[in-house]
Each structure stands twice: as C-alpha cells, then as structure tokens.
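Biologist: Hey, I haven't looked at this one before. Could you pull it up and walk me through it?

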Amino acid sequence: MIHCNACGRENAASFNYCLDCGGELRPAAPTIHAPAAPIPVGATPGPGNAFLPERKCPACATAAPASFAFCGSCGVRLDAETPTRSGTMFMHAVPLAKSRARLVSIQPDGTEGEGFPIDETEVVVGSGPGAIRFAEDPYVSPRHCRFSWVRNQLQVEDLGAANGVFRKVRGELVLQAGDHLRLGRQLLRLEPMAGAARARADGTKIWGSPDPGYQARLLQLLQGGGIGEVFPLKGGDNLLGREQGDVTFPTDRFVSGRHAVVTVGVDGFRLRDLGSSNGTFVRLTRPAPLEAGDFLLVGNQLLRVDLR
C-alpha cells in the first residue's frame with residue numbers, strides 16, 4: 001500500500017492517483033500478497049471480505065469501488081458531485097459557468113481576440129477604470145458606453161462618448177437626418193438639402209449650375225472634426241464604393257468596390273449594405289437592444305456580441 005502525501009489516504013501500490021483527493025502518488029515497491037479468492041464480476045472486495053458494488057472509469061474503463069471519488073489508474077474524477085474530505089470540488093471536474101453574454105474582440109486579420117463576459121446588471125466600457133478597458137485606444141472615451149440587462153434583454157447605451165458607438169447594418173436600415181455612417185476609414189454625416197427658391201420676388205432668376213435635383217448630401221468628417229468633401233445625393237439609389245458609384249473613395253482599401261446604397265425617397269432615407277467585406281456601421285443615438293452576432297465599433301475596437 002502507499003499513503004497519499006496530500007490527504008493521507010491509503011491506496012493500493014498499483015494506483016497512480018489517490019482515490020480520495022486525486023493527488024498523484026509516488027511509485028512504491030511492489031508488495032507480495034497471498035493468493036486471494038476469485039472476485040465476482042462487477043464487485044470489489046471490501047472490509048471483512050464483503051463485496052462492494054463498483055463502477056468503471058469513464059476515461060480508461062478501470063474498475064473501482066462505487067464509493068471512490070477518483071480513478072486509481074488515471075486520476076479522473078468518477079463522480080463530479082462527490083465532495084472531497086475538505087468539501088472542495090476537484091478543479092478539473094467542475095464545469096465552467098457559462099456567461100449570459102460576452103463581447104469578443106475581432107483582430108485586424110479577422111481572428112478572435114480577448115473575450116469579455118457580461119454577467120453583471122451593468123458593465124461600463126472605456127479607456128478609464130471599468131470592467132472592460134481599452135486604455136491604449138485614443139478614440140475610446142474614459143466612460144464610453146454601458147451594457148446592461150433590461151427585462152432579460154442585453155442593450156448598449158452611448159455615455160456621451162466623443163466618437164460614439166456604431167453598430168453594423170443588417171439588411172435595410174431607415175436613416176434619420178444627422179445620422180453618422182462609418183464605412184472603411186470614412187466617417188460621413190447625412191444631411192437633407194432644402195430646395196432653394198428659383199427666382200426672387202421681383203421675378204429675377206437665380207443663376208447657377210444646372211440643378212439635377214439633389215435632395216440630400218453626405219459630409220465627409222475629418223479627424224479633429226473638420227469637414228472634407230461634400231457628396232450630393234439624388235433621389236433614388238445612390239451607390240457608395242471604392243471603384244464605382246455615385247460616391248467613391250478610390251484610395252480607401254477598406255471600402256469595397258460596391259459597398260452600400262443610400263436611397264433617397266419621398267418617405268425619407270434608407271441604407272443597405274451590399275455584402276461589403278468590412279460592413280457599414282451607423283452611430284447609435286439611443287439605447288439599443290442587441291442580438292447575437294451584432295458587431296459594434298467602439299473607437300478602433302471591433303466587438304462581436306455573443307449571447308447564450
């Protein structure tokens with residue numbers, strides 16, 4: 001026999017792991033025993049030559065008494081619900097608790113990075129102290145956004161961040177005047193264009209370039225808040241892309257050749273992504289419920305929402 005150094009349990013010399021605590025046993029010199037009577041199938045000898053019920057190890061199929069917590073051959077726990085003498089469960093046998101939700105950081109090459117569980121009622125994301133921190137991202141505010149559970153529904157809320165929270169468009173989305181769009185490295189703001197009077201009160205016409213009937217425009221917002229190019233939008237579909245379209249960004253390699261369409265109609269504006277590689281994102285203006293598989297842009301961080 002050999003004694004476990006961890007808990008003192010006496011184990012057979014042929015065992016590699018303690019039957020009580022699962023600790024590894026030191027090899028012992030073989031012991032010569034007198035011949036024993038045959039053991040009935042499905043039982044192991046107990047005190048006073050009584051026979052006890054046994055069970056097989058799920059990992060190596062070695063037989064062990066049903067009262068033993070661990071396999072003496074491979075150390076696998078035989079009953080995950082059986083406590084050790086101290087009441088502590090054996091670590092590798094305890095199933096890991098699953099988070100209600102988590103955010104998964106997506107790396108520039110498309111692989112998954114760090115995962116952040118969201119189990120608490122509220123979780124704040126930012127560059128300052130908080131549950132989820134992106135201290136190295138200069139475009140993340142100290143308190144950027146908050147994830148919370150409302151009636152068992154996960155939602156995200158912008159906390160007044162300088163650069164907002166953007167969600168990837170699924171299907172077709174209704175846009176409002178003043179909405180901000182991100183595609184590739186471009187940040188654009190949608191604005192309606194009011195029709196100008198074609199003549200003064202005295203009947204004099206206002207001279208200018210021919211009016212093709214523009215009804216809205218996209219303003220390119222530059223780093224620091226300045227305005228770059230202005231792209232007028234006609235009624236109907238306006239194609240956005242890198243290689244072709246009504247609005248093009250030929251030097252932005254993150255914009256697909258045919259990226260998205262903005263439709264201008266009498267009933268307002270609609271946005272549809274055309275299966276672009278990097279997606280089209282719209283800034284959230286109010287707390288928004290989230291679905292499994294949603295993608296969010298927080299500063300330069302691309303995050304995927306996973307729900308149980």
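Modeller: Here we go through the cores, one buried residue and some salt bridges.

Modeller: Keep in mind that this is a predicted model.

Biologist: Okay, cores to begin with. How many residues are in the largest nonpolar core?

Modeller: That core has 22 residues, and those with the most contacts inside it are Leu103, Ile118, Phe147 and Leu154.

Biologist: And which elements give two or more residues to this core?

Modeller: They're strands: E6 (101–106), E8 (122–126), E10 (145–150), E11 (153–158), E24 (295–298) and E25 (301–307). E10 gives the most, with 3 residues.

Biologist: What does Phe147 touch, not counting residues up to four places away in sequence?

Modeller: Quite a list: Leu103, Ile118, Leu154, Val156, Leu290 and Leu296 are among them, and Thr121, Glu122 and Gln155 are on it too.

Biologist: You said cores, plural. What does the second one include?

Modeller: The second core is separate, has 20 residues, and includes Val169, Leu240, Ala260 and Val282.

Biologist: Switching topic: where is Gln220, and is Gln220 buried or exposed?

Modeller: Gln220 is in strand E16, residues 214–221. Gln220 counts as buried because its relative accessibility is 13%, and the cut-off for buried is under 20%.

Biologist: So what is Gln220 in contact with, leaving aside its neighbours within four places?

Modeller: Its contacts include Gln186, Leu187 and Leu188, plus Gly226, Ile227, Phe231 and Phe249.

Biologist: Now charges. How many salt bridges does a search of the whole structure find?

Modeller: It finds 14. In one of them, Arg304 pairs with Glu112, with the closest N and O atoms 2.9 Å apart. Arg304 sits in strand E25 and Glu112 in strand E7 (residues 112–117), so this pair links distant parts of the chain, 192 residues apart.

Biologist: Are those two buried or exposed?

Modeller: Arg304 is buried, with a relative accessible area of 16%, while Glu112 is partly exposed at 48%.

Biologist: Which other side chain meets Arg304 in a salt bridge?

Modeller: Asp306 does, at 2.9 Å, N to O, and both Arg304 and Asp306 are buried. Salt bridges that share partners join Arg102, Glu112, Arg304 and Asp306 into one network.

Biologist: Got another pair that links distant parts of the chain? Which one is it?

Modeller: Try Asp294 and Arg170, which meet in a salt bridge at 3.3 Å, N to O. Asp294 is in the loop between strand E23 (288–289) and E24, Arg170 is in the loop between strand E12 (165–168) and strand E13 (172–175), and the two are 124 residues apart. Asp294 is buried at 5%, whereas Arg170 is partly exposed at 44%.

Conventions: Residues are numbered from 1 along each chain as its sequence is written. This is a predicted model: local features need pLDDT of at least 70, side-chain atom pairs count only at pLDDT 80 or more; totals for chains, interfaces and linings use all residues. Side-chain values use heavy atoms; hydrogens and water are left out. A nonpolar core is a set of buried Ala, Val, Leu, Ile, Met, Phe, Trp, Tyr and Cys residues joined through side-chain atoms within 4.5 Å. Buried means under 20% relative accessible area, exposed over 50%, partly exposed in between (1.4 Å probe, protein chains only). Helices (H or I, at least four residues) and strands (E, at least two) are DSSP runs, numbered from the N terminus. Contact means heavy atoms within 4.5 Å. A salt bridge is a side-chain nitrogen of Lys or Arg within 4 Å of a carboxyl oxygen of Asp or Glu.
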